Amino acid sequence: MVPKVLGVLILASNGDRSEFSQDPYSYAPSFTESTPLGAAESFQLGSYLKSIYLDSSSPLHIRDMPLDPTHPIPPNKVNVHAKSGGESAAIFDSGIAMLQGMFPPTLHNKIELANGSAVISPLGGYQYVPVEMATVGDDRVLEPWTDCKAFKKHVSEVYASEEFMQAAKDAEHFFESVHDYMFGRPTSLVDMVRFRIALACVYDYLNTQLIHNQTFAFRLPPTLIEQARGWVNYKETAVFSDKDLGGIGNLAGRAILSPITKSLERIAFDDDPLRVLLIETSYQPFISLFSMLNAHGDNGQLFGLPNYASALAFEVLRGPAPEFRDFVRLKFKNGTDDDEFQTLHIFGHPEQKVPVTEFIYRLEHHVVPQDKWASTCSTSWFPFGYDAAIANEGAFTPFRLALVSMLAFGAFAFAVYRKYTQTKRTKRYEVMREDEVRVSMRSTINLGRSHDLFQAQDFFVNEKSRLLP
């Protein structure tokens, strides 16, 4: 029996783009833009998702979604988010192209006016699906590593590790081989780390030229692109994964799990209209989620960079009676290399689905929502994640003033307390001195009285002795 699909969460990577580079420590990106090929790849992905989840003839048609494929999509059933980082132009364009394939134009997307006429949306009934984006530089869900001190420390530790240094030595032969095809770019793994040039730049340059430059494609020897892909997969996996499920290396996955887990709960709750969550982003969350979920596909454990226009689907399934229990099933499509989704095994489960409750229970304590980002990225003893918060230049001045005010108030309170205790101690000392003086005077008086008494007793004894015969 085919389980009912209550909803689906799609994590999609951008399509083909122009050459791109990143700082190897901060991961600050350079500018890039989508290409017509990238738009076509994303459009193809959207069309595939439509055939799986929105066509009424599909066994996985999402419950409560329109059965008529020409019916305009209900806006309250679909949420779309796109990353707003440096490569946001390519990611946003890819997201729009995917939506065009998933929700194509329809003549039913029209409105009737008071005068009796009907107006169809432009481009033959184009469906304008809202896309949410965070402020550039402040995307703590899809780009949480930006300005995160703890993550920068993690990156430095990865580059300083013995394993990475050994990889640099092992890669020397490859970089010597590829030197003539890099046209002046550094081709030593150690040099790239030293001069803050990302290893990914080598692969990105080779891959971009191989796709768009025919002369270069004819000259590049076989296996070099595969070797470059292998080394960049090693580097990015080392940076964006962690042996500890809640480790800072998994920050990209831990942050994006916040909207994913919330949406799972919303979809499983029958009264909530949400049925589809689409997140268009870059490769980093894929790597972290592969690691955190221990995701295994047809060819073993997944790791490394996904291809352009890849998709990771979280299907929410309703089990059979009498329990009607809800499950999560993960599927992955590695760009245009895969014709269809492959179902994944996660958490070491022999079955291809896990209960929603178990999925959330395993991950909820490691999720990093926006209000926990500052404390997660903090590397010092400052309260309230101060050192992470001031990384944002706009927040630097108010946080610095707040900290100075707190320290000044503490110093003032300590000075007042110290003065109070000294005054109290002085008064206590004076009282004690007065008591000592009184005791001393009483002792002197008592001693005088005792001396007079003894003298009187001696006089009486002497007189009595003189009178005796």
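The following exchange examines how several labels applied to this predicted model are justified.

User: Why are Asp204 and Arg17 said to form a salt bridge?

Analyst: The N to O separation between the side chains of Asp204 and Arg17 is 2.8 Å. The criterion requires a side-chain nitrogen of Lys or Arg within 4 Å of a carboxyl oxygen of Asp or Glu, so the pair qualifies as a salt bridge. Asp204 belongs to helix α8 (residues 200-212), whereas Arg17 sits in the loop between β1 (4-13) and α1 (36-53), so the bridge ties together parts that are 187 residues apart in sequence.

User: What makes Asp204 and Arg17 count as buried?

Analyst: Buried means under 20% relative accessible area. Asp204 has 8% relative accessibility and is therefore buried. Arg17, at 11%, is therefore buried as well.

User: How do you know whether Lys83 and Glu87 are buried or exposed?

Analyst: Lys83 has a relative accessible area of 1% and Glu87 one of 4%. Both values fall under the 20% limit, so both residues are classed as buried. Their side chains meet in a salt bridge, at 3.1 Å from N to O.

User: Why are Arg362 and Glu358 classed as partly exposed?

Analyst: Partly exposed covers the range between the 20% limit for buried and the 50% limit for exposed. Arg362, at 36%, therefore belongs to this class, and so does Glu358, at 21%. These residues both lie in helix α13, 4 residues apart, which is about one turn of the helix. Their side chains also form a salt bridge of 2.9 Å, N to O.

User: How many salt bridges does a search of the whole structure find?

Analyst: The search finds 13 salt bridges.

User: Why are helices α4 and α5 called oblique to each other?

Analyst: The axes of α4 (residues 149-160) and α5 (residues 162-170) cross at roughly 55° and come within 5 Å. Roughly parallel requires an angle under 35 degrees, and roughly perpendicular one of 65 to 115. The crossing angle satisfies neither condition, nor the one for roughly antiparallel, over 145, so the helices are oblique. Val158, Tyr159 and Ala160 of α4 make the contact with Glu162, Phe164 and Met165 of α5.

User: What makes Leu123 exposed and Ala309 buried?

Analyst: Leu123 has a relative accessible area of 68%, and the exposed class begins over 50%, so Leu123 is exposed. Ala309 has a relative accessible area of 2%, under the 20% limit, so Ala309 is buried. Leu123 lies in helix α3 (residues 122-125), whereas Ala309 is placed in the loop between β7 (300-301) and β8 (311-318). Neither residue is a glycine, yet Leu123 has a positive phi of about 60°, and Ala309 has a positive phi of about 60°.

User: Why can Val119 be part of a nonpolar surface patch?

Analyst: A patch member must have over 30% relative accessible area and no salt bridge, and nonpolar side chains are joined within 5 Å. Val119, in strand β4 (residues 118-120), has a relative accessible area of 40%, so its accessibility passes the threshold. Together with Ile111 and Leu113, Val119 forms a patch with about 250 Å² of accessible area.

User: Why is Lys372 called partly exposed?

Analyst: Its relative accessibility of 46% lies between the 20% and 50% limits, so Lys372 is partly exposed. Lys372 is located in the loop between α13 (356-363) and α14 (373-377). Its C-alpha atom is 9.5 Å from that of Ala255, although the two residues are 117 residues apart along the chain.

Key:
Residues numbered from 1 in each chain as written. Predicted model: local features only at pLDDT ≥ 70, side-chain atom pairs only at ≥ 80, totals over all residues. Heavy atoms only, no water. Patch = residues over 30% accessible without salt bridge, like charges linked within 9 Å, V, L, I, M, F, W, Y side chains within 5 Å. Areas by Shrake-Rupley, 256 points an atom, 1.4 Å probe, with all protein chains shown as cover. Helix = DSSP H or I, 4+ residues; strand = E, 2+ residues; numbered from the N terminus. Buried < 20%, exposed > 50% of the residue type's maximum accessible area, 1.4 Å probe, protein only. Axes fitted to C-alpha atoms, helices over the stretch in contact; angles between N-to-C directions. Contact = heavy atoms within 4.5 Å.
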